[in-house]
Amino acid sequence: MKKYSEIKKEIRINTVKKTNEGYAYFTHFLHNKKEEKISKYYSLRAKKFIENNFKQSFSKYEKLKLRFDIPFPEPKNPKFTFIDLFAGIGGFRIAMQNLGGKCIFSSEINRFSKKTYEHNFGEVPFGDITKINEKNIPEHDILCAGFPCQAFSIAGKRKGFKDETRGTLFYDIARIIKEKNPKAFFLENVKGLRNHDKGRTLKTILKVLREDLKYYVPEPQIINAKNFGVPQNRERIFIIGFSKDLNIAEFKYPKPLKKKTKFYDIKEKNKVSVKYYLSTVYLQTLIKHKERHSRKGNGFGFKIIRDNQCANAIVVGGMGKERNIVIDSSLTNFTPITKIKGEVNRKGLRRMTPREWARLQGFPDKYEIPVSDAQAYKQFGNSVAIPAIQITAEKVVNKIRQKIIFSKK
Ligand SMILES: C[S@@+](CC[C@H](N)C(=O)[O-])C[C@H]1O[C@@H](n2cnc3c(N)ncnc32)[C@H](O)[C@@H]1O
């Protein structure tokens, strides 16, 4: 039995340095080689990649008994298949794998996110989705896409989704749905999508999904992560759809759970590095900034999250970190280890750590972070809150199961 980590060394996977799609073909092949109807999408290009670049025989990999020594291997007896579009670092993937799903295709453009993804799932995602022919994606049960909140204007005049949405990333989702007709899809986006362009953007999206693609799409729902097991006030829009072949005419989004969590539940219990503590100079800047804004009547600025409170949404850029300052008095050595202005504050004020951000999104602690803090904040801030996704996806899976037996037993 060979370990994935050994193969990884053999072919020198490095998503940050090398962007060759061959790595995506080859790792997708390794995950799916037992299933001919899936592996046929990957085997030819994987073979060429190995033979051309490593002068090795491909058949040795075809026959291989392989153990994925990674934090999140796929479930032993998968019950359904899914694809992970705009995969980021795999928030959707964890939720779907927890429900017994097997991922058979992933795509993500950012090389640092790819690095984190490969590290945890043993698969290099394909790159830019706009360059991927929908015919080259295997048939799957559920399409998942937390697509970027890229603001786009949709003309809304011309006919058909091709003309109306071309040039947007939603168009790429739509063309894949059209070609592959998955049993269901699960799309996620920022809450602001609802009101973008006076509601016209969402209206067009729904029109494409319902009228052009003929999916049953119940009214999208705004779901707040804090109601589903994490102490983070994060509202997102969820859009679910079912293929018309299933004859589903009713779907209920999950109701908020009674049990609420608080920041303390996910707070680091061990001493945290001094690098996360604010310098006195930076703290002064934050206080002044907040005062300036509150004089103008704005609620902007930094915010201290107490142990018994719920965190603000973690976001990329902006005030994502500053709106989630916490008090942690466990620090005893105040000597800075990074270049700072002034000295380390003595009030115990610090930023949340990347691990705390991971927990706010429901990532289990066995999720490994192989990138810098700056990349990690970006990746977790961009990700989905896993528990909210999982509870909703479970309803989707159950709904389909009432109608049919999944193709993959
Ligand atoms: C909102 S994030 C989704 C994160 C993901 N759901 C997760 O749990 O980590 C959107 C992702 O889409 C990726 N992306 C943007 N444009 C893309 C493209 N053309 N092809 C593939 N991925 C793209 C971004 O790099 C980003 O990671």
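The chain falls into three domains: domain 1 (1-69), domain 2 (76-259 + 371-409) and domain 3 (269-352). The model is predicted. Its description below covers the contact between domain 2 and domain 3, the ligand shell, a six-stranded sheet and the loop residue I340.

**Domain 2 and domain 3**

- Taken over C-alpha atoms, the centres of domain 2 and domain 3 lie 34 Å apart.
- The contact between the two involves ten residues of domain 2 and nine residues of domain 3.
- On the domain 2 side, strand 8 (232-233) and helix 14 (373-382) each contribute at least two residues.
- Helix 14 gives the largest share of that side, with five residues.
- By character, the domain 2 side that touches domain 3 consists of three nonpolar, four polar and three charged residues.

**The ligand shell**

- The ligand is surrounded by 20 residues.
- The closest of these residues are F86, G88, G91, G146 and S383.
- Nine residues of the shell are nonpolar, nine are polar and two are charged.

**The sheet as a whole**

- Six strands make up an open sheet with mixed pairing, and their order is 4-3-5-6-9-7.
- Strand 4 (101-106) and strand 7 (221-224) are the edge strands; each has a single partner strand, so one side of each has no neighbour in the sheet.
- From one strand to the next, the twist averages 30 degrees.
- Strands of a sheet pair through backbone hydrogen bonds, in either the parallel or the antiparallel sense.

**Parallel pairs around strand 5**

- Strand 3 (residues 80-85) runs parallel to strand 5 (residues 142-145), and four bridges join the pair.
- Within this pair, F82 has I142 of strand 5 as its bridge partner.
- Helix 9 (residues 169-180) packs on the sheet and touches strand 3, strand 5 and strand 6 (184-190).
- The direction of helix 9 makes about 175 degrees with that of strand 5.
- Strand 5 also pairs with strand 6 in the parallel sense, again over four bridges.
- In that pairing, A145 is opposite L187 of strand 6.
- I142 and C144 point one way from strand 5, while L143 and A145 point the other way.
- All four of these strand 5 residues, I142, L143, C144 and A145, are buried.

**Antiparallel pairs around strand 9**

- Strand 9 (residues 235-242) is mostly covered, with six of its eight residues buried.
- Strand 6 and strand 9 run antiparallel and are joined by seven bridges.
- N189 has I237 of strand 9 as its bridge partner.
- Strand 7 also runs antiparallel to strand 9, and four bridges join the two.
- Here N224 stands opposite E235 of strand 9.

**I340 in domain 3**

- I340 sits in the loop between strand 12 (325-327) and strand 13 (349-350).
- The residue I340 has 16 C-beta neighbours inside 10 Å and therefore counts as partly exposed.
- Buried residues have 20 or more such neighbours and exposed ones 12 or fewer, so the count for I340 falls in between.
- From I340 to G88, one of the residues closest to the ligand, the C-alpha to C-alpha distance is 31 Å.
- In sequence, I340 and G88 are 252 residues apart.

Note on methods
Residues are numbered from 1 along each chain as its sequence is written. This is a predicted model: local features need pLDDT of at least 70, side-chain atom pairs count only at pLDDT 80 or more; totals for chains, interfaces and linings use all residues. Domain bounds come from an automatic or database domain assignment. Two residues are in contact if their C-beta atoms, placed from the backbone, lie within 7 Å. Ala, Val, Leu, Ile, Met, Phe, Trp, Tyr, Cys and Pro count as nonpolar, Asp, Glu, Lys and Arg as charged, and the others, Gly among them, as polar. A residue is near a molecule or strand if its C-beta atom, placed from the backbone, lies within 6 Å of it. Two strands pair if DSSP finds at least two bridges between them. Axes are lines fitted to C-alpha atoms, for helices over the stretch in contact, and angles run from 0 to 180 degrees between N-to-C directions.
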